[in-house]
Amino acid sequence: LLTINLSPALSYQPWSCFAIGAGVDVEYARARLDANTGNGFAGQDGYLRNSADGWGFGLHGGILWEPVPTTRLGLNYRSKVN
């Protein structure tokens, strides 16, 4: 199994105590499954190879609030990658 996730993001800070950000998720996955099949009797053994790959896309975003210099509160959202 191989997965690669690219997640670029941009942020904006309109005030010194508040920031927002958003971005996209781009994910590639490749999988391969090799298996020996059968029960060991002559002529009934086999080999099975399955493989698949594909791209998926999603979104993410968040907000950050700093009411005092020693405290930060944040919320984030990450969508399902389709």
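# Strands and salt bridges in a predicted model

Author: In this chain, β3 and β4 run antiparallel and are joined by 20 bridges. The model is a predicted one.

Reader: How many helices and how many strands does the chain have?

Author: The order of elements, read from the N terminus, is β-β-β-β-β. The count for the chain is therefore 0 helices and 5 strands.

Reader: Is the chain a compact globule or more spread out?

Author: Taken along the principal axes, the C-alpha atoms fill a box of roughly 75 × 25 × 15 Å. For 82 residues the globule rule gives 12 Å, whereas the radius of gyration of the chain is 23 Å, well over that value. The chain is therefore, by comparison with a compact globule, more spread out.

Reader: What percentage of the residues in the chain is buried?

Author: A residue counts as buried when its relative accessible area is under 20%. The accessible surface of the chain comes to about 6800 Å², and carbon and sulfur atoms hold 60% of that surface. Among the 82 residues in the chain, the buried share is 11%.

Reader: Which residue in β4 stands opposite Ala35?

Author: Ala35 falls within the span of β3, residues 18–37. The strand β4 covers residues 46–68, and it runs antiparallel to β3. In β4, the residue opposite Ala35 is Leu48.

Reader: Over how many bridges does strand β1 pair with β3?

Author: Strand β1 comprises residues 2–6, and its pairing with β3 is antiparallel. One pair of facing residues is Leu2 and, in β3, Arg30. The number of bridges between β1 and β3 is 5.

Reader: Which residue of β3 is the bridge partner of Ser11?

Author: Strand β2, residues 9–15, pairs with β3 in the antiparallel sense over 5 bridges. These two strands are joined by a hairpin of 2 residues. The bridge partner of Ser11 in β3 is Gly21.

Reader: How many of the 7 residues of β2 are buried?

Author: One residue of β2 is Tyr12. Tyr12 has a relative accessible area of 53%, and because exposed means over 50%, Tyr12 counts as exposed. The strand β2 as a whole is hardly covered, and its count of buried residues is 0.

Reader: What is the area of the nonpolar surface patch that includes Tyr12?

Author: Tyr12 is exposed, and it belongs to a nonpolar surface patch. The other residues that make this patch are Ile20, Ile63 and Leu75. The area of the patch is about 410 Å².

Reader: How far apart in sequence are the parts tied together by the salt bridge of Arg78 and Asp25?

Author: The structure holds 4 salt bridges. In one of them the side chains of Arg78 and Asp25 meet, with an N to O distance of 2.9 Å. Arg78 lies in strand β5 (residues 71–78) and Asp25 lies in strand β3, so the parts that the pair ties together are apart in sequence by 53 residues.

Reader: Is Asp25 buried or exposed?

Author: The relative accessibility of Asp25 is 3%. The limit for a buried residue is under 20%. Asp25 therefore counts as buried.

Reader: Which residues are linked with Asp34 in a network of salt bridges?

Author: The side chains of Asp34 and Arg49 meet in a salt bridge of 3.0 Å, N to O. Because Arg49 lies in strand β4 and Asp34 in strand β3, this pair ties together parts that are 15 residues apart in sequence. Asp34 is partly exposed, at 30% relative accessibility. The network links Asp34 with Arg32 and Arg49.

Reader: How far apart are the closest N and O atoms of Arg72 and Glu66?

Author: Arg72 is exposed, at 59% relative accessibility. Glu66 is partly exposed, with a relative accessible area of 22%. The two residues form a salt bridge, and the distance between their closest N and O atoms is 3.7 Å.

Reader: What is the distance in space between Tyr47 and Thr37, C-alpha to C-alpha?

Author: Tyr47 lies in strand β4 and is exposed, at 51% relative accessibility. Among the residues that Tyr47 touches are Asp34, Ala35 and Thr37. Tyr47 and Thr37 are 10 residues apart in sequence, and their C-alpha to C-alpha distance in space is 5.7 Å.

Key. Residues numbered from 1 in each chain as written. Predicted model: local features only at pLDDT ≥ 70, side-chain atom pairs only at ≥ 80, totals over all residues. Heavy atoms only, no water. Patch = residues over 30% accessible without salt bridge, like charges linked within 9 Å, V, L, I, M, F, W, Y side chains within 5 Å. Areas by Shrake-Rupley, 256 points an atom, 1.4 Å probe, with all protein chains shown as cover. Helix = DSSP H or I, 4+ residues; strand = E, 2+ residues; numbered from the N terminus. Buried < 20%, exposed > 50% of the residue type's maximum accessible area, 1.4 Å probe, protein only. Pairing = 2+ DSSP bridges. Contact = heavy atoms within 4.5 Å. Rg over C-alpha atoms; globule rule 2.2 N^0.38 Å. Lists of a residue's contacts leave out its neighbours within four places in sequence.
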